[in-house]
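Me: I'd like to go through this structure with you, one question at a time. Could you give me a short line of reasoning with each reply?

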Amino acid sequence: RSISECIEIDQSLFESFSDLYRRYLVVGGMPAAVSHFSTRKSFSGLREIFNEIVDGYGDDISKYAKPEVRVRINACLSAIPTILASENHKFKYVSVTPPEGEEPFRQTGFAFFAPALDWLSMANISLTCYNVTSLEKPVEERSNVGSFKLYMLDTGVLVSRYNDSVLRDIVLDNDGINLGAVAENAVAMAFAVQHRPLMYYSKDNPRMEVDFVMTLNGRTCCINVRYGSNRNCRSLNTAMSSFGADGMMFETRNIFVDEKGVRHYPLFASSFMDSI
């Protein structure tokens with residue numbers, strides 16, 4: 001009811017849900033990790049489990065991918081956490097480097113990496129969020145397949161690719177440099193599970209960044225994701241005033257509507273878009 005009517009959740013429930021959600025960000029949904037955590041009630045040992053899962057990705061790549069694209073697949077997979085932790089989450093080919101011991105890539109364009117990116121997507125290892133060139137309706141027809149963000153299908157795997165301080169910051173609800181990337185990845189996962197197309201919008205001069213764009217109830221909705229004290233709504237306000245879009249933010253606070261009409265929801269509410 002609180003989510004569907006956009007009214008504040010009881011504070012004690014909100015704190016309990018938020019605590020459980022932070023644990024989910026770290027553990028993710030991989031059966032081995034969930035079983036380990038539910039049995040031991042401890043985060044200790046999770047990294048080893050995720051290392052085995054990632055090693056399993058490598059084994060599958062060696063078994064099932066064409067030999068000529070295996071190095072590119074591994075390189076793209078390794079690049080996702082680093083690119084998400086950067087200021088601009090857009091996937092950059094120049095940030096993709098071959099594993100140690102392999103020769104440098106002689107090409108860095110879309111055509112060269114497309115087979116590797118397609119393989120990761122088809123193997124349910126990554127999620128692709130495409131850039132839209134305009135916020136005018138229908139936004140689904142304005143995708144630019146050459147410009148995109150890449151997310152991991154599981155937040156537990158993503159968190160395990162960072163150092164231990166990221167895990168601690170999430171569990172203790174501290175601000176951290178990579179926490180925005182983890183939160184955005186989790187929201188992308190929630191949308192994908194609900195079969196909602198992943199799209200985003202960005203432009204320069206003036207700078208404008210919208211993490212996700214979708215159509216809700218026949219209207220364009222612009223969505224930003226924030227973790228901790230970073231609560232800038234400037235891009236949402238611009239989208240609402242310039243394009244007549246709805247504005248929404250998923251963050252670490254309780255539900256409320258601000259003076260500009262932006263609806264603020266806790267991160268875990270992204271799993272209940274039908275209610276929104």
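Me: Which element gives the largest share of the lining of the largest pocket?

Reply: Happy to start there, with the reminder that this is a predicted model. The elements that contribute two or more residues to the lining of the largest pocket are α9 (179–193), β4 (208–210), β6 (219–225) and α10 (234–243). The largest share is four residues, and it comes from α9.

Me: What is the volume of the largest pocket, and which residues lie nearest its centre?

Reply: The volume of the largest pocket is about 730 Å³. Its lining is made up of 27 residues. Those nearest the centre are E87, H89, D211, R226 and N230.

Me: How many residues of that lining are charged?

Reply: Let's split the lining of the largest pocket by residue class. Eight of its residues are nonpolar and nine are polar. The charged ones number 10.

Me: Staying with helix α9, is A181 buried or exposed?

Reply: A181 is part of helix α9. Its C-alpha is 9.1 Å from that of Y151, a residue 30 positions away in sequence. The relative accessible area of A181 is 3%, and the cut-off for buried is under 20%, so A181 is buried.

Me: What is the strand order in the open sheet of five strands?

Reply: A good place to begin is at the edges, which are β5 (212–216) and β8 (256–257), each pairing on one side only. The pairing within the sheet is mixed. Read across, the order is β5-β6-β7-β9-β8.

Me: In which sense do β7 and β9 pair, parallel or antiparallel?

Reply: Strands of a sheet pair through backbone hydrogen bonds, and either sense is possible. Here β7 covers residues 246–251 and β9 covers residues 263–266, with four bridges between them. M248 stands opposite R263 in β9. The sense of the β7 and β9 pairing is parallel.

Me: Which residue of β9 is the bridge partner of V257?

Reply: β8 and β9 pair in the antiparallel sense over two bridges. Their hairpin has five residues between the strands, and G261 there takes a positive phi near 95°. The partner of V257 in β9 is R263.

Me: At the other end of the sheet, what is the bridge partner of V213 in β6?

Reply: β5 and β6 are joined by five bridges and run in the antiparallel sense. In β6, V213 is partnered by C222.

Me: Why is C222 not bonded to the closest cysteine sulfur?

Reply: A disulfide is a covalent bond between the sulfur atoms of two cysteines. The closest cysteine sulfur to that of C222 belongs to C221. C222 is also buried, with 0% relative accessible area. The sulfurs of C222 and C221 are too far apart for a bond, because the distance is 6.8 Å.

Me: How many disulfides does the structure hold, and how far is C76 from the nearest cysteine sulfur?

Reply: The structure holds zero disulfides. C76 counts as buried, at 0% relative accessibility. For C76 the nearest cysteine sulfur is that of C129, and the distance is 17 Å.

Me: Where does P138 lie, and what is the omega of the peptide bond from K137 to P138?

Reply: Most residues other than glycine have a negative phi, and most peptide bonds are trans. P138 sits in the loop between β1 (126–132) and β2 (143–152). The peptide bond from K137 to P138 is cis, and its omega is near -5°.

Me: C6 and H195 have positive phi values too; which of them counts as exposed?

Reply: C6, with phi near 55°, lies in the loop between α1 (2–5) and α2 (11–27). At 16% relative accessibility, C6 counts as buried. The other residue has phi near 60° and lies in the loop between α9 and β3 (199–203). With 74% relative accessibility, the exposed one is H195.

Me: To finish, what is the radius of gyration of the protein?

Reply: The protein has 10 helices and nine strands. Its C-alpha trace spans about 55 × 45 × 30 Å along the principal axes, and 48% of its 276 residues count as buried. The globule rule gives 19 Å for 276 residues, so the protein is as compact as a globular protein of that length, with a radius of gyration of 19 Å.

Note on methods:
Residues numbered from 1 in each chain as written. Predicted model: local features only at pLDDT ≥ 70, side-chain atom pairs only at ≥ 80, totals over all residues. Heavy atoms only, no water. 1 Å grid on protein atoms, 1.4 Å probe; cavity = no way out; pocket = protein on both sides within 12 Å on 5 of 7 lines; lining within 4 Å. Points joined across faces, edges and corners; volume = space filled by probe spheres on them. Nonpolar A, V, L, I, M, F, W, Y, C, P; charged D, E, K, R; others polar. Disulfide = S-S within 2.5 Å. Buried < 20%, exposed > 50% of the residue type's maximum accessible area, 1.4 Å probe, protein only. Pairing = 2+ DSSP bridges. Rg over C-alpha atoms; globule rule 2.2 N^0.38 Å.
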